[in-house]
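Work through these short exercises with the sequence and the 3D view side by side. Try each task before reading its solution.

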Amino acid sequence: MKAAVLREVGKPLQIEQVQIDKPGPHEVLIRTAAAGLCHSDLHFMQGSYPHPLPAVLGHESSGVVEQVGSEVHTVKPGDHVITCLSAFCGHCEFCLTGHMSLCVSPETKRGKDDPPRLSAEGGMMQYLNLSSFAEQMLIHEHACVAIRPDMPLDRAALIGCSVTTGVGAAIHTSNVRPGETVAVIGCGGVGLSAINGAAIAGASRIFAIDTVPSKGNLAMEFGATDFINAADVDAVKEVIEATKGGVHHAFEAIGLAKTAEQAFNMLRRGGTANIIGMIPVGQMVSVMGAAFLGEKKLQGSLMGSNRFPVDMPRFVDFYMSGKLKLDQMISQRIKLEQVNEGFEDMKRGELARSVIVFDA
Ligand code: ZN
Ligand code: ZN
């Protein structure tokens, strides 16, 4: 099968032929329908997060089940599925206490002595349990969930990472309640989804903050009530003034130490700052210690603290009923061969999201 491979940090992906194995007892073979280009892929391509190479990148995807292992009972051939990198085992401490998105059990991967799921000359690594920039995926059954067949698969793919990450940060990690106030720094796919999640949760005011003015209208379509162009004004000061003391919930969706500090600094007493963006390994975040006397909280949010087999079908229903905005998030549909151009567009920061659509 064709796949987009990262061989060297800082270099473009290469389209190569990669072999894929047959499903083991708990595995699912999926024909990839669509795969979104996510900013975290770029972090690995640029080396701000390490990954063993060569690897097939991509982790935001949807597809159709082709074949399942002998012990798989959750999906069957023909099912439409969304994948999730939060593969879970179902019986570790994290899974059993309701934090399955924190599970890192090695059971969801193949053992060292087993044949690899992906192979090529010189070896090939699977990435984040998925490797979606490929015509097929071979994954653990607990890394995908079946969805209703009338859901368009290109939009379903977005639910696989950015939408779950953003919406989940609002409704799960920070638990936004009706009437509370929210600020979101960064209006890419994840930030727009956090805005959308806060709107679904009933937030009264939602401040969208970005340095690209064209993001303002887009943010409003996702449910923002105010747009702050941080290139022109001090976003922290603006938010504190407009809310008379700060917001209940702030979300950082870029991955910079500076904006993480801003998210914390724009909280009201008792407020919670959620860091969703991937801050490069080794960078520190510093905040004023005295602020903790106001019970302000600073916390990470990974993949929207998801329970994805429950969440994703619900998000699909939200889309089908018009509450979840996905059409506006796709700025272009591309072919696998155009993956590098898609990442170049992402670096320019204007587009919300490129989605690779595979031939049916
Ligand atoms: Zn992602
Ligand atoms: Zn587990």
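**Exercise 1: The open sheet**

Leu6 stands opposite Ala55 in β5. Keep in mind that this is a predicted model.

Task: Find which strand Ala55 belongs to, and place that strand in its sheet.

Solution:
- Step 1. Ala55 is in β5.
- Step 2. Strand β5 covers residues 55–56, and two bridges join it to strand β1, residues 2–6. The two strands run antiparallel.
- Step 3. Four strands make up the open sheet, in the order β2-β1-β5-β9, with mixed pairing.
- Step 4. The edges are β2 (14–17) and β9 (125–126), each pairing on one side only.

**Exercise 2: Zinc ion (ligand 2)**

Task: Which residues are the protein donors of the zinc ion (ligand 2), and what is their arrangement?

Solution:
- Step 1. The donors are Cys89, Cys92, Cys95 and Cys103, each through SG, lying 2.3 to 2.4 Å from the ion.
- Step 2. Their spacing in sequence is C-x2-C-x2-C-x7-C.
- Step 3. The four donor atoms subtend angles of 107 to 114° around the zinc ion, so the arrangement is tetrahedral.
- Step 4. Buried means under 20% relative accessible area. Cys95, at 13%, is therefore buried. Cys103, at 7%, also counts as buried.

**Exercise 3: Zinc ion (ligand 1)**

Task: Which residues coordinate the zinc ion (ligand 1), and where do Cys38 and His59 lie?

Solution:
- Step 1. Cys38 (SG), His59 (NE2) and Cys161 (SG) coordinate the ion at 2.0 to 2.2 Å.
- Step 2. Cys38 lies in the loop between β4 (27–36) and α1 (39–46), and His59 in the loop between β5 and β6 (61–68), so the pair ties together parts 21 residues apart in sequence.
- Step 3. Both Cys38 and His59 are buried.

Note on methods:
Residues numbered from 1 in each chain as written. Chains lettered and ligands numbered in written order. Predicted model: local features only at pLDDT ≥ 70, side-chain atom pairs only at ≥ 80, totals over all residues. Heavy atoms only, no water. Pairing = 2+ DSSP bridges. Donors = N, O, S within 2.8 Å, 3.2 Å for Na, K, Ca; no water. Tetrahedral: all angles 85-135°; square planar, octahedral: opposite > 155°, others 65-115°. Buried < 20%, exposed > 50% of the residue type's maximum accessible area, 1.4 Å probe, protein only.
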